[in-house]
Amino acid sequence: MAKILFVLGLILVSTTASYINVMNDTFNDLSNWLENVMPGADSGNNEWEYYTDSPNNIFIAQVNGQNALVLRALQQNYQGYNYTSGKVSSVRPWGPYGFFNIKAIVPKGNGLWPAIWLLPPNSKSIYGSWAACGEIDIMEAICTETAGRSTLHFGGQWPNNAQYPEAPKNQFPFTADWSNPHWYGVDWQPNYINFWYDAQIVNGQITGGTLINSISSSNWYSLNSNGQRYPGNAPFNQPFGIILNLAIGGSWPCSVPGCCSNIAVPAQMTIFNVQVWENAQSEDQI
Ligand SMILES: *[C@@H]1O[C@H](CO)[C@@H](O)[C@H](O)[C@H]1NC(C)=O
Ligand SMILES: *[C@@H]1O[C@H](CO)[C@@H](O)[C@H](O)[C@H]1NC(C)=O
């Protein structure tokens, strides 16, 4: 009897994920980040900006008394483009699995498309290129829409890609406060992916905040070139990198009437903290 209770206790403990901090970037420098220099045409989204590594577009500043990474979009003629902006990706990929939490002030306004997201390095994995490789969009926001969005992309290689939830069900089920810093997070696990607003890890546990959406692994898949599904929970069982960017224009925002006129530049996304937490390799796994 004592032994049975002991085993039950271990099972109960093992059902609660626990997290260990492996990155806590408060932007003393940009050593964890690569500045992605590229024309908007290479984004795959018909974006209107050129991403530069200029200190006018990507820089560290003191904001609210803290260091922050600022990605600033400007009206500027550059390489045939009318706007410049900033995009960074993590030097190394992380995971698979864990809790990714980013504290940022996200701008709203015409033509703006700020994003906090995860993608395998070079947009490909053992499953192929986008979207067979998967994409985890923690937070995207367009134009003056009050809703933010959290979305998974997966399925076959473009144009056979799929997403979940479909729009507009990928919208936050509440009105976010865009004028102040908030935490945008994802709890990425083998059996589910949960998106969080204003949650934090305290004593190894997800604490506070609002659950935006909980997605079971039964909703995602990755297809090989014959259209057959890979086994397991592909494509979300490979390492992904973190990407932070502020796009101007692009197919999606410019499909919204009025969004891409009177572009609201200059604009900036301000990122105070990027945290990566791995699942604790617990003694309670049996
Ligand atoms: C992250 O760094 C900040 C600033 O140094 C500190 O206040 C905070 O406690 C750190 N968090 C973790 C999880 O280490
Ligand atoms: C820049 O603006 C001009 C004038 O509106 C437009 O014709 C051109 O396509 C724009 N360039 C890009 C790269 O968006």
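User: Before we start, how are strands defined here, and where does Gln 238 sit?
Analyst: Helices (H or I, at least four residues) and strands (E, at least two) are DSSP runs, numbered from the N terminus. This is a predicted model, where local features need pLDDT of at least 70, side-chain atom pairs count only at pLDDT 80 or more, and totals for chains, interfaces and linings use all residues. Residues are numbered from 1 along each chain as its sequence is written, while chains are lettered from A and ligands numbered from 1 in the order in which they are written. As for Gln 238, its place is the loop between β20 (210-216) and β21 (241-248).

User: Is Gln 238 buried, exposed or partly exposed, and why?
Analyst: A residue is buried if 20 or more other C-beta atoms, placed from the backbone, lie within 10 Å of its own, exposed if 12 or fewer, and partly exposed in between. Gln 238 has 18 other C-beta atoms within 10 Å, so Gln 238 is partly exposed.

User: And Glu 49, buried or exposed?
Analyst: Glu 49 lies in strand β4 (residues 49-51). There are 32 other C-beta atoms within 10 Å of Glu 49, so this residue is buried.

User: How far is Glu 49 from Gly 86?
Analyst: Along the chain, Glu 49 and Gly 86 are 37 residues apart. In space, their C-alpha atoms are separated by 9.0 Å.

User: Which residues surround ligand 2?
Analyst: Here a residue counts as near a molecule or strand if its C-beta atom, placed from the backbone, lies within 6 Å of it. For ligand 2, the surrounding residues are Trp 48, Gly 80, Tyr 81 and Asn 82.

User: Which strand gives the most to the largest nonpolar core?
Analyst: A nonpolar core is a set of buried Ala, Val, Leu, Ile, Met, Phe, Trp, Tyr and Cys residues joined through C-beta atoms within 7 Å. The largest one holds 71 residues, and Phe 100, Ile 116, Ile 136 and Ile 138 touch the most other members. With seven residues, the strand that gives the most to this core is β10 (residues 112-119).

User: What is the bridge partner of Val 88 in β21?
Analyst: Two strands pair if DSSP finds at least two bridges between them. Strand β8 (residues 87-90) has Val 88 and Ser 90 pointing one way and Lys 87 and Ser 89 the other. Three bridges join β8 to β21, and the two run antiparallel. In β21, the partner of Val 88 is Leu 244.
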